[in-house]
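User: I would like to learn how to read a few features of a structural model, taking helices, pockets and single residues in turn. Could you give the general idea each time and then the case at hand?

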Amino acid sequence: MPQTPAERQAAYRARRPFAGTDNNGERRINTWVNTGTALALGRLARYHGVTLRAMLEQIVMAEDARVTSGMDDDALEAYMMRSVTQ
């Protein structure tokens, strides 16, 4: 028997925690940003020919790499623990 749209949506959402290229899952981010930030993100994404999601992921991962690049093991461990507790 075919699934209803609600059943398909529920199945899709149930797969998200295990999705992604590394099977580490995906998490939903739902937030408001100021208009200038939203417009800048759109411009950057169009300029690079990627989706808003891809652009946001690139920006965040690049900044994370920049911040952690000079950390010693103790500082890196403390930094990584921040994401667990917040």
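Analyst: What follows is a short dialogue on this model, which is predicted.

User: How far apart should the ends of helix α2 be, and how far apart are they?

Analyst: A rise of 1.5 Å a residue gives the expectation, so the 14 residues of α2 (residues 35–48) should span 20 Å, and the end C-alpha atoms, which are 20 Å apart, agree with that.

User: What is found at the start of α2, and what just after α2?

Analyst: At the start, a side-chain oxygen of N34 comes to within 3.1 Å of the backbone nitrogen of G36, whereas just after the helix G49 takes a positive phi of about 70 degrees.

User: How does one look for a pocket, and what lines the largest pocket here?

Analyst: Rolling a probe the size of a water molecule over the atoms shows where empty space is left. In this model the largest pocket holds about 1,800 Å³ of space, and of the 36 residues that line this pocket, E26, R27, I29, E57 and V60 are the closest to its centre. Helices α1 (5–15), α2, α3 (52–68) and α4 (73–85) each supply at least two residues of the lining, with α3 giving the largest share, 11 residues. By character, the lining divides into 16 nonpolar, nine polar and 11 charged residues.

User: Is E26 buried, partly exposed or exposed, and which side chains make polar contacts with the side chain of E26?

Analyst: E26, in the loop between α1 and α2, counts as partly exposed because its relative accessibility is 24%, which lies between the cut-offs of 20% and 50%. The side chain of E26 makes a polar contact of 2.4 Å with the side chain of R16, and another, of 2.6 Å, with that of R53. Apart from residues up to four places away in sequence, E26 touches R16, P17, A19, G20 and R53.

User: How should one read neighbours along a helix, and what is the case for T68, buried or exposed?

Analyst: An α-helix has 3.6 residues a turn, so residues three or four places apart point the same way. T68 lies in helix α3, and a polar atom of the T68 side chain is 2.9 Å from the backbone oxygen of D64. With a relative accessibility of 17%, T68 counts as buried, because the cut-off is under 20%. Leaving aside neighbours within four places in sequence, T68 is in contact with L76 and Y79.

Note on methods. Residues numbered from 1 in each chain as written. Predicted model: local features only at pLDDT ≥ 70, side-chain atom pairs only at ≥ 80, totals over all residues. Heavy atoms only, no water. Helix = DSSP H or I, 4+ residues; strand = E, 2+ residues; numbered from the N terminus. Expected span 1.5 Å × (residues − 1). Polar contact = N/O pair within 3.5 Å; in protein donor to acceptor, adjacent residues only side chain to side chain. 1 Å grid on protein atoms, 1.4 Å probe; cavity = no way out; pocket = protein on both sides within 12 Å on 5 of 7 lines; lining within 4 Å. Points joined across faces, edges and corners; volume = space filled by probe spheres on them. Nonpolar A, V, L, I, M, F, W, Y, C, P; charged D, E, K, R; others polar. Buried < 20%, exposed > 50% of the residue type's maximum accessible area, 1.4 Å probe, protein only. Contact = heavy atoms within 4.5 Å.
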